[in-house]
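Okay, thanks everyone, I'll keep this short. Have a look at the model on the screen and I'll talk you through what I found in it.

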Amino acid sequence: MELEATFPKITTHVLQEMKLKQEKIAMLTAYDFSMARILDQAGIDIILVGDSASNVMAGHKTTLPITLNDMIYHASSVMRAVKRALVVVDLPFGTYQGDSKEALHSAIRIMKEAGANAVKLEGGEEIHESVERILTAGIPVMGHLGLTPQSIHKFGTYVVRATEEDEARKLVHDAHILEEAGCFALILEKIPAKLAGEVTQKVKIPIIGIGAGNQVDGQVLVLHDMLGITQEFSPRFLRRYHNLSEEIKGSVKSYIGDVKSVDFPNEREQY
Ligand code: KIV
């Protein structure tokens, strides 16, 4: 039986109900049609077309270089595959921070050209005008606080955020601002588990954590990290479910051997 006949399409309202029922939300990134189809068929709740595509798809050191056109390309590919999951797309660096009209224009392009279900923006009070303007167009917005990779040059490092009282207080304040503005959910990245748990209790919208412990409403990981396609990135919060990089290398080596030894193609593999 088709998955969508068994399980309902995930909407922002379904996520809100999941929080109320204390049913955990599972979210992963995807950037292309084939992977997105596998994730959707497996029953993932949210697919994030993250600007981590800048790292894992394009090989950049940070998320800053990826463009709006790149994100629309990745998001369109994902949308062609997905039937059930809610698809959230990152607004890339430089397309929403300075000017709320530009933010709305960027979000509209993602919704119109890719057919996405929602957008995600990094930051709190500083970007609340952009969040509010996007919401006026009826576009669902997910917030992202804590370690916000688009600000890596300000932080200077990828260490745990909000361990000091001032930063923790600002994070709670920002979470309330984003909730009041109308965000349907928030990502909390790499912050102490206790603080993430407090925010989850204090706000009514779902909180999805990455490196934020298990007292939140759901979890997100970068697909290439959890499958072991990327090898060099090994933070403590990452659980690797596979070592795909080694498996793929093994298959490629077998193929090379078969080609060189003229074992491939055999009689049955030709016309
Ligand atoms: O771009 C991304 O993959 C993200 C996740 C790390 C949450 O923002």
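**A walk through the model**

Let's start in a loop: Ala-162 sits between α8 (152–155) and α9 (165–181). What caught my eye there is the backbone, since Ala-162 has a phi near 60°, a positive value in a residue that isn't glycine. And before I go on, keep in mind that this is a predicted model.

Another backbone oddity to show you: going from Phe-264 to Pro-265, the peptide bond is cis, with omega near -5°. If you're hunting for Pro-265 on the screen, look in the segment after α12 (244–260).

Now zoom out. The protein chain has twelve helices and eight strands. Its radius of gyration is 20 Å, close to the 18 Å that the globule rule gives for 271 residues, so the chain is as compact as a globular protein of that length. Along the principal axes, its C-alpha atoms fill a box of roughly 65 × 40 × 35 Å.

Okay, on to the ligand. Where does it sit? The space it takes up is the largest pocket. Which residues surround the ligand? Going up in number, we have Thr-29, Leu-48, Gly-50, Asp-51, Ser-52, Asp-90, Lys-120, His-144, Glu-189, Ile-210 and Val-222. By character, that shell splits into three nonpolar, four polar and four charged residues.

Let me pick out some contacts with ligand oxygen atoms. Lys-120 puts a polar side-chain atom 2.9 Å from a ligand oxygen. For Asp-51, an N or O atom of the side chain is 3.0 Å from an oxygen of the ligand. With Asp-90, the distance from a side-chain N or O atom to a ligand oxygen comes to 3.1 Å. And how much of the ligand's accessible area does the protein cover? On its own the ligand has 260 Å² of it, and the protein covers 95%.

That's what I have, so over to you.

Technical notes:
Residues are numbered from 1 along each chain as its sequence is written. This is a predicted model: local features need pLDDT of at least 70, side-chain atom pairs count only at pLDDT 80 or more; totals for chains, interfaces and linings use all residues. Side-chain values use heavy atoms; hydrogens and water are left out. A residue is near a molecule or strand if one of its heavy atoms lies within 4 Å of it. A polar contact is a pair of N or O atoms within 3.5 Å; within protein, one must be able to donate a hydrogen and the other to accept it, and residues adjacent in sequence count only if both atoms are side-chain atoms. Accessible areas come from the Shrake-Rupley method with a 1.4 Å probe; for residues, only the protein chains shown count as cover. On a 1 Å grid over the protein atoms alone, a cavity is a set of points where a 1.4 Å probe fits but cannot get out, and a pocket is an open set with protein on both sides within 12 Å along at least five of seven lines; lining residues have an atom within 4 Å of a point. A molecule sits in a cavity or pocket if more than half of its atoms lie within 2 Å of its grid points. Ala, Val, Leu, Ile, Met, Phe, Trp, Tyr, Cys and Pro count as nonpolar, Asp, Glu, Lys and Arg as charged, and the others, Gly among them, as polar. Helices (H or I, at least four residues) and strands (E, at least two) are DSSP runs, numbered from the N terminus. The radius of gyration is taken over C-alpha atoms; the globule rule is 2.2 Å times the number of residues to the power 0.38.
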